[in-house]
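Hi there,

I'm passing a structure over to you, and I'd be glad if you opened it next to this note. My notes on it follow below.

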Amino acid sequence: MVDHNINLLPAGRQASAGTTRRSLLQGMASLALGSAVATRPAMAADFKGKTVVVAVGSFMSSGIAMFKNKWEAETGGRIEIVEIPFGDLYQRLFTAFTSGAHQFDVAVYASNWIPEFAQAGHIVSLEPYYPQKDNWNSVLPSVQRIMYSQGQRYTVPLDGDVIFGYYRTDALDKPDHKKRFQDKYGYALAAPTTWEQYRDIAQFFTGWDWSGSGKPGFGVLEAQKPKDVGPYIFISRAATYAANATLKGSLFFDPDTMEPQINNPGWVQALKDWIEIRKFGPPEMATYGGGEMRGNFVAGDYALGIDWADVGIMAQDENSSTIKGKLGYFVLPGPSKVWNYRTKDWQAFSTPQQAPFQGWGGWHGSIAKTSKVPEAAWDFLNFIDSTPNAFTAVTTPGTARNPYRVDHFSNPDAWTKAPVKYADPKPYLDTIKAALSHPNVQSDLRILQSGRYYEVLDQWTQEALAGSLSPEAALAKAADQWRAITKEAGVASQRKLYRDLYGLT
Amino acid sequence: MKVSSAKYFLVAPPLLFFLALSLIPLLLTLGLSLTDADLSGAGNWIGLSNYKALWSDRIFLRSYLNTLEYAVIGVPVQYVLGLVLAVFVAQFQHGRRLLRLIVLIPLMVAPLVVGFIWKTMLDSRLGPVDDLLRHLTGIAVPWLTDETLAFVSILVVDTWQWTPFMFLILFAGIASMPREPFEAAYVDGASRWRVFWDITFPMLGPASLAAVLLRGIEAFKIFDIVYYITGGGPGSVTTSTTLTAYFTGLRSGHVGYGAAMTVILLLTVIAFGSLFPFAVKLITRQRGKTFARAVNRNIAATNFGGVRA
């Protein structure tokens, strides 16, 4: 491990064998800095003449830029925002970090990359700064958990990500539809709690004008375009079949051996479901990425959809949405049997087994190790995550910041008055909170080279979606490549990171 | 001697510029392709392992085959269309500038915008193409989701964007032709087709060669349109080598392996760039002989008062 992870441990733990004089001095300096920061008066700090360069993924930039002027006015400092195309973000951050040259002070990026950047020493531990933060306790535990690497916090959370379901209330709640559905399927029409119900509802609303738009509607809309957000949507389905609540860490790998699980029958079943659901969406669903899915869903004609919290926000914009006030929400359904990787058999449960997936994990901000103005960088991060500013961000359309603090959920009325002017926000907030607080909520894959694992999974699931390979064959090929990536990255280190993710010792 | 030294000194800056911008990155890429480098650039020497792996990499092979098909099918189609347009526009005495401008518009549009326009156009529910087809035939065509049609759609879009490039070069070629051979041919009573086939087309040889060569090289690098319209799908039926290399190298961080893909593509482009002019030369020479034989026969027939020798 790199020095700076060691030297920022509390003083009592610094006197361990192997602590160098340099690291001890650095540790003392860090602690001194931390206490200096902590004892700074509550009034705005003076950063006159200091510039904080913030690197941020493209569509998150407005969630940062909206606070730029205010911070500059209060502190005298200057913020320079470097907007990086979303698809190039990892590569740009990684190459900037590894080159060692100072390119920016703050990086705003996906939480999946925290362990990789932290372990390599590219970002600094924020433990010395956190004592002065007054709203840490209000961050949801499932979001707090993501911020750690080797027991230390490396980020300031800016976003809470979880994938959940949407339904059109004008489709599912209409008495006439309910009656016809009951007659056809033999059970009541309501938000789905199992994947079979999800499929039935999608089938029921496909091919006829249930919305009154004058054209046939579709049962479902999910993003399935290659090289987009497809893997996240697929994993949110697979998690329910493979993340066994009785076996921690069973979603992606066997946590003991790091044998990939992505080709086990649970994942295969999820892929079969995902292929089948295409019949109930528009043909173009295969070419819709996340952005297209959201734009089309809020434009109407789809009874069910799966996405992050963004659809809910976009649906409130009456310029582009026809479904404001017609949205219902549900934690993604679950099956009544989940794969058990230990017994290598399906395990039956009496209730549907949900496993909400924190895909992407949300945007987080970190301070680069090369920063010459870490105090100003911290102050800015703290500023954009202050309780009022965080609320403003999550209730403003287009910021790509979704609720992640307790207070974001506690006052639904405030959402109706906020810039988003959310119509009936309570069910929306309740669903997000229920998903993020679910006992079987699943974190995203936070091990080294997670991007490569995703790339491989995307490639082979697309082959299965296109019908070029069977789901079994496609996932077997993906598993082969996952095995190779794990071997290349180091089985032991990957195993440690993976087990850390689930709190396994 | 002094003059000779000064000559090299004067040539040095552009040469160094070329080395810095072209040769050094090329050599670096070649070097990278022999390593297992990641995004940091750090990697171990693994010899030809990346190249060996490519031959069993189904995704790469599919993307490579697609790229060849884009070039082999797309470029000739674009050439023929460009030629037809060039000959057509060249006939106009008035309004030629306006027509030329209209034909060139697709070339001026950014590829991602082209992708956006066509993705909307070909949407089987919302696009005008299918709307028209539905009214005429009652059938909606899944342009972007059917495996074969998705590939054809990419070809159509590529052709729409790049035919104007062919047109531009061929039109310039036609505009610069001397008038005398045409006047002589028409005086001799040659048909329009004869004039085109025996005069216009052969005289366009150098322009055609340049157009096909430049466009062919460019066609191997197809990226933006595929990326935006299909993302390489369904499955990998529309993916290209550049797209695969980009995602492998820069998104997945498997830089060495991605570099090997680009080297294979480069070798292919070099092979095309070297062999194509050679092939054209051979064909032209053969055609020249045939043409000469035909001319000789005509001359002989003329000399003997229409009686074949």
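In which crossing, left-handed or right-handed, does α13(A) pass α22(A)? The crossing is right-handed (clockwise turn of the near helix from the far one by less than a right angle; anticlockwise is left-handed).

Some background: this is a predicted model, where local features need pLDDT of at least 70, side-chain atom pairs count only at pLDDT 80 or more, and totals for chains, interfaces and linings use all residues. Residues are numbered from 1 along each chain as its sequence is written, with chains lettered from A and ligands numbered from 1 in the order in which they are written.

Chain A has an average pLDDT (the predictor's confidence in each residue, from 0 to 100) of 89, and 91% of its residues score at least 70. Over residues 1-42 of chain A, pLDDT stays under 50. Where pLDDT is low, the predicted coordinates should not be read in detail.

Back to the helices (DSSP runs of H or I, at least four residues): α13 of chain A covers residues 265-276 and α22 of chain A covers residues 471-489. Their axes (lines fitted to C-alpha atoms over the stretch in contact, with angles from 0 to 180 degrees between N-to-C directions) come within 9 Å and cross at roughly 125 degrees. α13(A) is therefore oblique to α22(A) (not under 35, over 145 or 65 to 115 degrees).

Finally, G230(A) sits in helix α12 of chain A, residues 230-242. G230(A) is buried, because 27 other C-beta atoms lie within 10 Å (the cut-off is 20 or more, with C-beta atoms placed from the backbone).

Best wishes

Technical notes
Helix = DSSP H or I, 4+ residues; strand = E, 2+ residues; numbered from the N terminus. Buried ≥ 20, exposed ≤ 12 C-beta atoms within 10 Å, placed from the backbone. Contact = placed C-beta atoms within 7 Å.
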